[in-house]
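Me: Could you take a close look at the empty space inside this protein, and at what surrounds it? I'm in my first year, so please spell out the terms.

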Amino acid sequence: MTQSAAMDGAEKAQMPKQIPYIIANEGCERFSFYGMRNILTPFLITSLLLSMPEELRKGMAKEVFHTFVIGVYFFPLLGGWLADRFFGKYNTVLWLSLVYCCGHACLAIFENNRNGFYTGLFLIALGSGGIKPLVTSFVGDQFDQSNRSLAQKVFDGFYWIINFGSFFASLLMPFFLKEFGASIAFGIPGVLMLIATIIFWSGRTKYIHVPPAPRDPHSFLNVVRTALKTNVPGQAKSGYFMAVAGVLLAIGSMFLIPKVGIVAALCLALVLVLGFGGMGAWMQLERARGIHPDAAVDGVRSVLRILVVFALVTPFWSLFDQKASTWVLQANDMIKPTISFSIFSSSFSFEFQAAQMQALNPLLVMLLIPFNNIVLYPLLKRNGVELTALRRMGAGIAFSGLAWIVVGFMQLAIDGGNALEITWQILPYALLTFGEVLVSTTGLEFAYSQAPLAMKGVIMSFWNLSVTIGNLWVLLANSSVKSAAVTEQIKATGMSVTAFQMFFFAGFALFAAFLFALYARGYTMQNNYRQAK
């Protein structure tokens with residue numbers, strides 16, 4: 001096809017009529033999710049956990065929040081498996097969306113019942129996480145060769161509406177929680193999720209439904225299993241024993257349940273199996289060649305390389321997700337501005353809430369993405385600085401560390417009796433969001449370009465899993481400071497536990513950024529986009 005013919009085809013391409021249903025569904029679903037998530041920590045502290053001693057309340061609130069986030073980013077594995085093997089994307093999204101709605105209902109009904117409320121959190125994690133890897137790929141199913149040039153516009157619209165919904169949810173839900181109580185504040189996101197489900201269902205006759213693919217004998221797991229189990233005369237099974245060691249250590253981690261909790265222990269077990277199993281598979285991967293096609297074996301090696309990148313990104317997620325827990329707790333101890341205004345003859349007064357600071361994140365994302373692409377990146381390029389995908393991600397991890405250094409010094413000031421305005425948090429939010437734009441918007445494109453076509457779905461699952469592992473580090477750090485010996489050592493530094501943890505996570509991220517830079521220097525970039533027709 002000539003270039004002019006391709007351009008004519010792009011001009012004649014029409015947007016699929018079913019896309020507005022998916023976009024509207026995504027906007028309502030994201031409002032519902034961020035609406036409940038961003039008031040979760042303040043609700044736990046001021047209501048559900050009031051029966052606990054005050055000194056333990058903040059730590060438990062953080063533990064509940066990050067356990068919930070772990071679930072949200074773990075269940076994509078289940079949702080993807082159900083869709084690919086049994087029900088297809090549409091049916092899986094629809095049924096899990098109903099589970100999602102039930103979870104919201106539990107939060108609104110059981111505001112004073114821990115078991116009922118935690119059941120709601122589990123159902124939301126299952127529903128939200130289960131549909132997470134499916135909606136984006138379901139959008140892609142609606143396009144073909146004749147109109148694929150329009151797909152990027154839809155994905156841009158997706159990212160924009162996610163942040164649009166997050167902005168208003170972060171701004172409004174803390175206000176509703178304070179003024180109308182938890183049932184209303186958690187009920188509104190539930191209503192939005194029900195509307196999202198109805199909108200998605202309404203387009204059922206217009207969607208392109210791609211049936212589940214047949215079982216692939218050369219899938220990622222099948223190739224890894226073959227590599228580990230195949231015997232070669234005269235060669236040691238070092239990789240196999242490495243994988244077995246990971247399984248044994250994972251079993252051993254179950255003994256940590258009384259100390260760190262069952263969720264953290266299970267996630268740690270998963271990390272050990274993946275880490276040691278991945279190293280073992282790398283050591284013996286060539287044994288799968290001949291049994292599986294070369295493309296499948298090379299694809300697994302590419303995925304394993306990418307997993308090292310994802311592992312080094314997990315510290316970023318441990319810092320990023322704490323803006324909805326640790327940073328909200330800090331903001332509670334700061335001075336909140338009061339906004340007064342008059343309408344006709346009536347006067348109104350509005351006190352800014354700690355949780356509303358989270359609205360800065362989506363607002364800054366919507367501003368930074370065009371700024372980076374239109375101003376910053378071209379400016380750096382003109383001055384001889386080429387920001388490759390890996391350089392952006394490494395810089396993003398480092399900026400998250402800088403953000404936590406700032407909040408750490410702010411915490412020291414608060415601990416010293418200084419009264420700080422909540423507006424001081426604008427600077428760390430700006431640094432952290434800049435890091436998010438560099439890491440999050442770059443990471444998926446990087447992974448997609450590096451993974452072979454047959455491994456794209458595997459990479460999406462592992463990307464979500466990196467967020468789970470990032471929140472695991474938070475749970476483990478939170479559990480460690482419950483020890484009296486650790487607490488005494490922290491006090492010897494002259495810092496509070498909160499301030500110490502802030503500087504610890506800052507150092508964690510900066511060290512990860514350093515290791516990321518070292519690994520990136522030896523990484524050979526691939527280009528695994530499909531060939532143009």
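Reply: Sure, let's start with the sealed-off space. A search of the whole structure turns up one cavity of 30 Å³ or more. Before going on, note that this is a predicted model, where local features need pLDDT of at least 70 and side-chain atom pairs count only at pLDDT 80 or more, while totals for chains, interfaces and linings use all residues. Residues are numbered from 1 along each chain as its sequence is written, and side-chain values use heavy atoms, leaving out hydrogens and water.

Now the terms. On a 1 Å grid over the protein atoms alone, a cavity is a set of points where a 1.4 Å probe fits but cannot get out; a pocket is an open set with protein on both sides within 12 Å along at least five of seven lines; and lining residues have an atom within 4 Å of a point. Points are joined across faces, edges and corners, and a volume is the space filled by probe spheres set on them.

The largest cavity has a volume of about 30 Å³. Its lining is made up of Lys-62, Gln-322, Thr-326, Trp-404, Thr-498, Gln-501, Met-502 and Phe-505. Helix α20 (residues 497-521) gives the largest share, four residues; helices here are DSSP runs of H or I, at least four residues long, numbered from the N terminus. By class, the lining has three nonpolar, four polar and one charged residues. Ala, Val, Leu, Ile, Met, Phe, Trp, Tyr, Cys and Pro count as nonpolar, Asp, Glu, Lys and Arg as charged, and the others, Gly among them, as polar.

Thr-498 lines the cavity, and it also turns up in the second largest pocket, as one of the residues closest to the centre among the 26 that line it. That pocket holds about 730 Å³ of space. Here α4 (54-74) supplies the largest share of the lining, eight residues. By class, the pocket lining has eight nonpolar, nine polar and nine charged residues.

Trp-404, from the cavity lining, leads us to the largest nonpolar core: of its 131 residues, Trp-404 is among those that touch the most other members, along with Leu-44, Phe-68, Phe-117 and Ile-397. The largest share of this core, 14 residues, comes from helix α13 (residues 294-320). A nonpolar core is a set of buried Ala, Val, Leu, Ile, Met, Phe, Trp, Tyr and Cys residues joined through side-chain atoms within 4.5 Å, and buried means under 20% relative accessible area (exposed is over 50%, partly exposed in between; 1.4 Å probe, protein chains only).

Notes
Helices (H or I, at least four residues) and strands (E, at least two) are DSSP runs, numbered from the N terminus.
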